[in-house]
Amino acid sequence: MRIDIITLFPQMFQGPLTESILQRAQDQHLLEIHYHDLRTFGIGKYHQVDDTPYGGGAGMVMRADVLVGAIETISANTAPTPSPSPVSGRGGKPHVIYFSPRGKKLRQPMVEKIVKKYEWLILVCGHYEGIDQRVIDGGWIDEEMSIGDYVLTGGELPAMVLIDALARQIPGVLGHSESAAEESFSAALDRKKEYPHYTKPAEFEGMKVPDVLVSGDHKKIAEWRKKQVR
Ligand code: SAH
């Protein structure tokens, strides 16, 4: 999957997306991330990207002309690099997502749908008061997405949350021992929450691991785990 991120703060992604499983996915070319500093599309000598809101009030609004320039330039760029994952072959046009508290709330089935349906995404990260509504109304945004009912300072953290959730669903990203099949909110668990986990030591601060888990009886263990799902 190829993901192009439009942001005023590309440095924010260093760390969260360059460690552990997400870095490995990029090394294996299962995930390809491109960062685009919106300021390079800004207007005039100072590369202006925002302006004061019509109607007055506090804060700045990101300009439609600058954002649309960025979205169109990136969309015209190149088709996604063919990836070895089974999602290839559906390239051509990117699916453009704008993060907003007004958007549809992200849930696990949405994550799975996006991985199955699209191999190329453009993620638009808002900042300040948000973006000029005409970018959305004019059809440059395919989907408005919220990560929950609270307000953040920008769309960068939501973009990282989405990318992390998507990456786990891309075939080959998780090793066998990290399989995503039986996780909280997966179809295998009826979209419910997973059972609890235990590891050594067998006794910690007077608390013992449930007997059934050390019984060696795989059928009983499976039954116990099933009962713990809620
Ligand atoms: N004025 C807006 C908030 C702007 S917050 C309002 O009241 O709805 C600035 C940017 O942060 C937004 O443009 C959006 O890209 C991002 N953002 C903030 N909270 C978010 C959330 N819960 N989900 C997704 N994106 C969010």
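Strand β5 gives the shell around the ligand its largest share, four residues. In this predicted model, β5 spans 95–105, and together with β7 (143–146) it makes up the elements that give two or more residues to that shell. The shell has 20 residues around the ligand, and those that come nearest are Tyr98, Phe99, Glu129, Gly148 and Tyr150. Sorted by class, the shell holds ten nonpolar residues, nine polar ones and one charged one.

**Polar contacts with the ligand**

Here are some short distances between protein and ligand that you may want to find in the viewer.

| Residue | Protein atom | Ligand atom | Distance |
|---|---|---|---|
| Tyr98 | polar side-chain atom | oxygen | 2.7 Å |
| Phe99 | polar backbone atom | oxygen | 2.6 Å |
| Ser100 | backbone N or O atom | nitrogen | 3.3 Å |

Tyr98 uses its side chain to reach a ligand oxygen, while Phe99 does so through a polar backbone atom. Ser100 also contributes a backbone atom, and its partner is a ligand nitrogen. How much of the ligand does the protein bury? Taken alone, the ligand exposes 560 Å², and 85% of that is buried by the protein.

**The pocket**

Which pocket does the ligand take up? The ligand fills space in the largest pocket, whose volume is about 420 Å³. A total of 25 residues line this pocket, and Tyr98, Phe99, Ser100, Pro101 and Gly130 lie nearest its centre. β5 again stands out here: with five residues, β5 gives the most to the lining. At least two lining residues each come from β5, α4 (133–137) and β7. By class, the lining divides into twelve nonpolar, ten polar and three charged residues.

Tyr98 and Phe99 deserve a second look, since both names recur. Both are among the residues that come nearest the ligand, and both are also among those nearest the centre of the largest pocket.

**Backbone details in one loop**

Now for the loop between α5 (156–169) and β8 (203–204), where Pro201 is found. Most residues other than glycine have a negative phi, and most peptide bonds are trans. Against that background, two places in this loop are worth a glance. Lys200 and Pro201 are joined by a cis peptide bond, with omega at about 5°. Asp190 lies in the loop between α5 and β8 as well. What is phi of Asp190 near? The angle is near 55°, a positive value in a residue that is not glycine.

How values were computed
Residues numbered from 1 in each chain as written. Predicted model: local features only at pLDDT ≥ 70, side-chain atom pairs only at ≥ 80, totals over all residues. Heavy atoms only, no water. Near = heavy atom within 4 Å. Polar contact = N/O pair within 3.5 Å; in protein donor to acceptor, adjacent residues only side chain to side chain. Areas by Shrake-Rupley, 256 points an atom, 1.4 Å probe, with all protein chains shown as cover. 1 Å grid on protein atoms, 1.4 Å probe; cavity = no way out; pocket = protein on both sides within 12 Å on 5 of 7 lines; lining within 4 Å. Sits in = over half its atoms within 2 Å of the grid points. Nonpolar A, V, L, I, M, F, W, Y, C, P; charged D, E, K, R; others polar. Points joined across faces, edges and corners; volume = space filled by probe spheres on them.
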